[in-house]
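Subject: A structure for you to explore

Hi there,

Here is the structure I promised to pass on. Have a look around it first, then read my notes below.

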Amino acid sequence: MFTIPFNPSQTFKSACLTAVMTIPGLVFSSAASAHFQMIYTPELLKNRGGEIELKMPFTHPAANGHVMDIATPEAFYQVRKGKKTDLLPQLETSTWKSADGEGVSYQSKARLRGLGDNIFILQSAPYLEQAEDIYIQQFAKTIVNVGSLPTDWDSELGLSAEIVPLSKPYALYEGGSFTGVVKSAGKPVPFAEIEVEYVNYQPEMKSNAFSSQPTIDPPADAFITMTIKADANGTFTFALPKAGHWGFCALGVGPKTEHKGKELSQDAVIWVQAHPVTDL
Ligand SMILES: [Cu+2]
């Protein structure tokens, strides 16, 4: 009898499908997880400081996918010149729209004072992914630089789950590469599984929505959520083929593996921006 090899751990995820392969009698997701906590602002490298706006939906950015209704983050703060500023009190609850519908999102204004790096960290509240029956908690990091002066970008913050950049996430060329180390409470995670997504639908700051038109045409489902592995030292490199924002999510790397009697995946997320190479 003809049988199709099927991995039983690849469970059906109805709520969060990014791509579905159909074989007669069998439907399963080709995406492992593909959830990304965003901390988005259009420009990660600014000429001068001032106020910026951050949009923070928990979504599937490469697919204009589901926006998950997630509870208030456990922590949200800014690190500048080693000093931490709590931004949780000024966090606003809003919504975010995608092709899949609308969900709860968070947003905040933040002030960039003087030159240097500003690291923004959002530690999400565990989210119950019903289709997988697991909790997901993400430690997301976005670094916004002012004036090209490097200060804090390579700092390790000792998060439960963290991607420590070895390349400046805001000073990358289209076609260049990004390198980072996946860490679990300060320790490298050998062969960590990392999902990579391109923000293919431009976030619209005024309407709190993804644009309806994609920027690129992924040649196959495998390019929507790309999966790579870190090496034996927890380090990974990814070449960025297109200008724009890219997210990296190391799955289940944090030390806590259980929440309210269910499996917990503590993921590390980092956002980077590739800039176009322009001729004179
Ligand atoms: Cu989802």
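Let's begin with a pair of facing residues: Glu 162 sits opposite Lys 183, which belongs to strand E15. Please keep in mind as you read that this is a predicted model.

**Strand E13**

Glu 162 is part of strand E13, where it points one way together with Val 164. Ala 161, Ile 163 and Pro 165 point the other way, and all of these residues are buried. Put as a count, five of the five residues in E13 (residues 161-165) are buried, so the strand is mostly covered, given that buried means under 20% relative accessible area. The partner of E13 is strand E15 (residues 177-184); five bridges join the two, and they run antiparallel.

**The nonpolar core**

A general point helps here: in soluble globular proteins, nonpolar side chains tend to be buried together. In this model, the largest nonpolar core has 68 residues. Those with the most contacts inside it are Phe 120, Val 182, Ile 194, Phe 236, Leu 240, Trp 246 and Phe 248. Strand E12 (residues 134-146) gives this core its largest share, seven residues.

Try clicking on Phe 120. Leaving aside residues up to four places away in sequence, Phe 120 touches a list of residues that includes Ile 39, Ile 52, Leu 54, Tyr 77, Leu 87 and Leu 112. Ala 140 and Val 144 are also among the residues it touches.

**Two buried polar residues**

Gln 137 is found in strand E12. Is Gln 137 buried or exposed? Its relative accessibility is 4%, so Gln 137 counts as buried. What does its side chain reach? One polar contact goes to the side chain of Glu 74, at 2.9 Å. The side chain of Gln 137 also reaches the backbone oxygen of Ser 124, at 3.0 Å. Beyond its neighbours in sequence, Gln 137 touches residues including Pro 126, Leu 264 and Asp 267.

Asn 64 lies in the loop between strand E5 (50-59) and strand E6 (75-80). With a relative accessible area of 5%, Asn 64 is buried. A polar atom of the Asn 64 side chain lies 3.3 Å from the backbone oxygen of Ser 211. Asn 64 also touches Phe 210, and Ser 98, Asp 100 and Tyr 201 are among its other contacts. Asn 64 and Phe 210 are 146 residues apart along the chain, yet their C-alpha atoms are separated by 6.6 Å.

Enjoy exploring, and write back with any questions!

Best wishes

Note on methods:
Residues numbered from 1 in each chain as written. Predicted model: local features only at pLDDT ≥ 70, side-chain atom pairs only at ≥ 80, totals over all residues. Heavy atoms only, no water. Core = buried A, V, L, I, M, F, W, Y, C linked by side-chain atoms within 4.5 Å. Buried < 20%, exposed > 50% of the residue type's maximum accessible area, 1.4 Å probe, protein only. Helix = DSSP H or I, 4+ residues; strand = E, 2+ residues; numbered from the N terminus. Contact = heavy atoms within 4.5 Å. Polar contact = N/O pair within 3.5 Å; in protein donor to acceptor, adjacent residues only side chain to side chain. Pairing = 2+ DSSP bridges.
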